[in-house]
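Dear colleague,

I am handing over the model we spoke about, with the sequence and coordinates placed directly below. Please read the notes after it with the stated cut-offs in mind.

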Amino acid sequence: MQLDALIDGLPKAELHMHIEGSLEPAMMLALARRNGIDLPWADVESIQAAYRFRNLQDFLDLYYQGMNVLRTPEDFYDLTAAYLARARADGVRHVELFFDPQGHTSRGVPFDHVIEGLWQALTEAERDHGLSSHLILCFLRHLSEDDAFETLKEAEPYRDRFIGVGLDSSELGHPPTKFARVFARARDMGLKLCAHAGEEGPPDYVREALDVLGIDRLDHGNRAMEAPDLINRLAADGICLTVCPLSNLRLCVTDRLEDSPVAAMLEQGLRVTVNSDDPAYFGGGINDNLRAVARVLPLSADQVITLSRNSFLGSFLPEAEQTRHLAEIDRIAANLG
Ligand code: ADE
Ligand code: ZN
């Protein structure tokens, strides 16, 4: 079987996708029109032309500008429903979506507008298509820990609608330690813990995320590959890493797609997964990412199957659900001969 066909056919979980980063240019224009918002771009082509990033901050500046068109529960519903339709077409069976409430509440959009819109789309996808999901509330690390605490408090009435917290936005200069207390509080609330670390930040940020925050899953983690002690530890503890190859390329985390750490991580026995991060900004969804790395690294069919297995093993699904998805992957693998 061709690798592309295998990638298309495998069930998979997407574990690193920011819902605001799935805002395609056409929808950005449509929502701007619907909400009477002026954008500095007149058409899809001029929006896409602006997507040239030298680093993470270049991207974040546009990302926050783009999300300004999201105002009403209907906007958040439309955004999420559109992403879920694309994910389903890619064979995604389960998603764990990041959302950035501070990116909205700081603009006067109420927290409940965000969560209600997301929730309605997620509930419908599960009911109508069996596509399961969890939400992960991210704290913006360029803001203060007090701000993160306030956000967590605001989210408390909706505690049963999100499974965990994450840490994203500008990494350099905002080490995980800055959020030690709010992560401890989240753990006390029974929430799962994720953090972006080692995307641009040094291996020490990965160490802090593990030692100080006590994360259950590591987002990106590229620069952990610079530190043999971290590689050994991540492998021994079975920590899942959510790597995003097209994002890494577009944000100059890697110079070339061939430099993606996915193959090296697999070879070192790390529980690595492939994800899209912000598909509207980085040129594709989960299958585009998988196809791209499979072609250039290159990856074997067995390695592609391992990535698909890792996506469920690294998810926050209950074990019985993981087992059900893994059995389907095993059937596909057995048929490859
Ligand atoms: N927010 C959205 N995408 C992000 C990324 N790749 N890194 C940090 N924060 C983000
Ligand atoms: Zn991310």
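What follows goes through the conventions, the metal site, the strands, and then the empty spaces.

This is a predicted model, in which local features need pLDDT of at least 70 and side-chain atom pairs count only at pLDDT 80 or more, while totals for chains, interfaces and linings use all residues. Residues are numbered from 1 along each chain as its sequence is written, chains are lettered from A and ligands numbered from 1 in the order in which they are written, and side-chain values use heavy atoms, with hydrogens and water left out.

**Zinc site**

The zinc ion (ligand 2) has as its protein donors His16 (NE2), His18 (NE2), His196 (NE2) and Asp277 (OD), at 2.0 to 2.3 Å from the ion; donors here are N, O and S atoms within 2.8 Å of the metal (3.2 Å for Na, K and Ca), and because water is not among the atoms, sites may look incomplete. Along the chain these donors follow the spacing H-x1-H-x177-H-x80-D. His196 in strand 5 (residues 192–197) and Asp277 in the loop between strand 8 (271–274) and helix 14 (279–282) are 81 residues apart, so that this pair links distant parts of the chain. Helices (H or I, at least four residues) and strands (E, at least two) are DSSP runs, numbered from the N terminus.

Why is the arrangement of the four donor atoms around the zinc ion (ligand 2) irregular? The angles that they subtend run from 84 to 174 degrees, which makes it so, given that four donors count as tetrahedral if all angles lie between 85 and 135 degrees, that four count as square planar and six as octahedral if opposite donors are over 155 degrees apart and all others between 65 and 115, and that anything else is irregular. His196 is buried, with a relative accessible area of 5%, and Asp277 also counts as buried, at 3% relative accessibility; buried means under 20% relative accessible area, exposed over 50%, and partly exposed in between (1.4 Å probe, protein chains only).

**Strands**

Because seven of the seven residues of strand 1 (residues 12–18) are buried, this strand is largely enclosed by the rest of the structure. Strand 1 pairs with strand 2 (residues 92–99) in the parallel sense over five bridges, where two strands pair if DSSP finds at least two bridges between them. Within this pairing, Lys12 stands opposite Val92 and the zinc donor His18 stands opposite Phe98. Strand 2 is itself mostly covered, with seven of its eight residues buried, and it pairs in the parallel sense with strand 3 over six bridges, Val95 standing opposite Ser133 in strand 3.

**Cavities and pocket**

On a 1 Å grid over the protein atoms alone, a cavity is a set of points where a 1.4 Å probe fits but cannot get out, and a pocket is an open set with protein on both sides within 12 Å along at least five of seven lines; lining residues have an atom within 4 Å of a point. Grid points are joined across faces, edges and corners, and a volume is the space filled by probe spheres set on the points.

The structure holds two cavities of 30 Å³ or more, and the largest cavity contains about 110 Å³ of space. Of the 17 residues that line the largest cavity, those closest to its centre are His18, Leu56, Phe59, Leu60 and His196, and helix 4 (residues 56–66) gives the most to the lining, with five residues. By class, this lining has eight nonpolar, four polar and five charged residues, where Ala, Val, Leu, Ile, Met, Phe, Trp, Tyr, Cys and Pro count as nonpolar, Asp, Glu, Lys and Arg as charged, and the others, Gly among them, as polar.

The second largest cavity has about 50 Å³ of space, and its lining includes Lys12 and Ala13. Helix 16 gives the most to that lining, with three residues.

The largest pocket has a volume of about 150 Å³, and the largest share of its lining, four residues, comes from helix 7. Among the lining residues are Trp119, Ser133, His134 and Arg161.

With best regards
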